[in-house]
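Me: I have a protein model open on my screen and would like to talk it through. Could you walk me through it, one question at a time?

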Amino acid sequence: MTQPPHDEPTATSTEELREQVEQTRTELGETVEALAAKTDVKARAQEKAAEVKEQAATKTGELKEQAAVKAEELKGQAALKAEELKAKATDLAHQAQNRLPEPVKDKAVQAAGQARATAAQAGQLWQEKAPGPIREKTAQGLLLARDNRKALLAAAAAVLVWRACRRRKG
């Protein structure tokens, strides 16, 4: 047999010898289990995958939170800018109205009244002469235009500005 290591005391009885053998077996078993765990590539890969998945989930959560904060920030900035533009447009409309001479304002009021009267007459004539299905389709179109009044007015204003620019060029 071999000599015991220098740092271990020699066993004096068979009972102590059995205890040392049992302890050595336990240590050897633990060492073998540790070596087996290190060589189990599939288990190590699964552990690494779980770790990476957890890191990705954490990073995703952080990025979502940052995106939500940025979106709220931009939404607030857009609302402020819209209010500024609205105030500026209102101010410009008042300035334009204040610069109009009284005779022009009076003519505009008179023209608006005439336009209303002519529109009422045209509407009456339409009711009398137009076929029923066409009147229904026209009523639907009017409701749609009424519901989208702002967009319709914006489009009309854009057309008027475009025509004014074209007249200046030509």
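**A walk through the model**

Reply: Happy to; let's start with Arg116, whose place is in helix α3 (residues 102-129). Helices here are DSSP runs of H or I with at least four residues, strands are runs of E with at least two, and both are numbered from the N terminus. This is a predicted model, in which local features need pLDDT of at least 70, side-chain atom pairs count only at pLDDT 80 or more, and totals for chains, interfaces and linings use all residues. Residues are numbered from 1 along each chain as its sequence is written, and side-chain values use heavy atoms, with hydrogens and water left out.

Me: Is Arg116 buried or exposed?
Reply: The classes rest on relative accessible area: buried is under 20%, exposed is over 50%, and partly exposed lies in between (1.4 Å probe, protein chains only). Arg116 has 60% relative accessibility, so the class is exposed.

Me: How many helices and strands does the protein have?
Reply: From the N terminus on, the elements run α-α-α-α-α. The count is therefore zero strands and five helices.

Me: What radius of gyration does the protein have, set against a compact globule of 170 residues?
Reply: The radius is taken over C-alpha atoms, and the globule rule is 2.2 Å times the number of residues to the power 0.38. The C-alpha atoms fill a box of roughly 130 × 45 × 35 Å along the principal axes. A compact globule of 170 residues would come out near 15 Å, whereas the protein has 44 Å.

Me: What share of the 170 residues is buried?
Reply: The accessible surface comes to about 15900 Å², and carbon and sulfur atoms hold 59% of that. Those areas come from the Shrake-Rupley method with a 1.4 Å probe; for residues, only the protein chains shown count as cover. Of the 170 residues, the buried share is 1%.

Me: How many salt bridges are there by the rule?
Reply: Side chains of opposite charge can pair when their charged atoms come close. The rule asks for a side-chain nitrogen of Lys or Arg within 4 Å of a carboxyl oxygen of Asp or Glu. By this rule the count is three.

Me: Which residue forms a salt bridge with Glu51?
Reply: Glu51 is partly exposed at 39% relative accessible area, and its partner is partly exposed at 47%. Because the two are three residues apart in helix α2 (residues 41-99), about one helical turn separates them. The closest N and O atoms are 3.8 Å apart, and the partner is Lys48.

Me: How far apart are the closest N and O atoms of Lys70 and Glu73?
Reply: Lys70 is partly exposed at 44% relative accessibility, and Glu73 is partly exposed too, at 40%. They sit three residues apart in helix α2, so about one helical turn lies between them. Their salt bridge has its closest N and O atoms at 3.5 Å.

Me: Which residue meets Glu84 in a salt bridge?
Reply: Glu84 is partly exposed, with a relative accessible area of 49%. Both partners lie in helix α2, three residues apart, about one turn of the helix. The N to O distance is 3.8 Å, and the partner is Lys81.

Me: What separates the C-alpha atoms of Leu80 and Thr31?
Reply: Leu80 lies in helix α2 and counts as exposed, at 57% relative accessibility. Leu80 and Thr31 are 49 residues apart along the chain, and their C-alpha atoms are separated by 68 Å.
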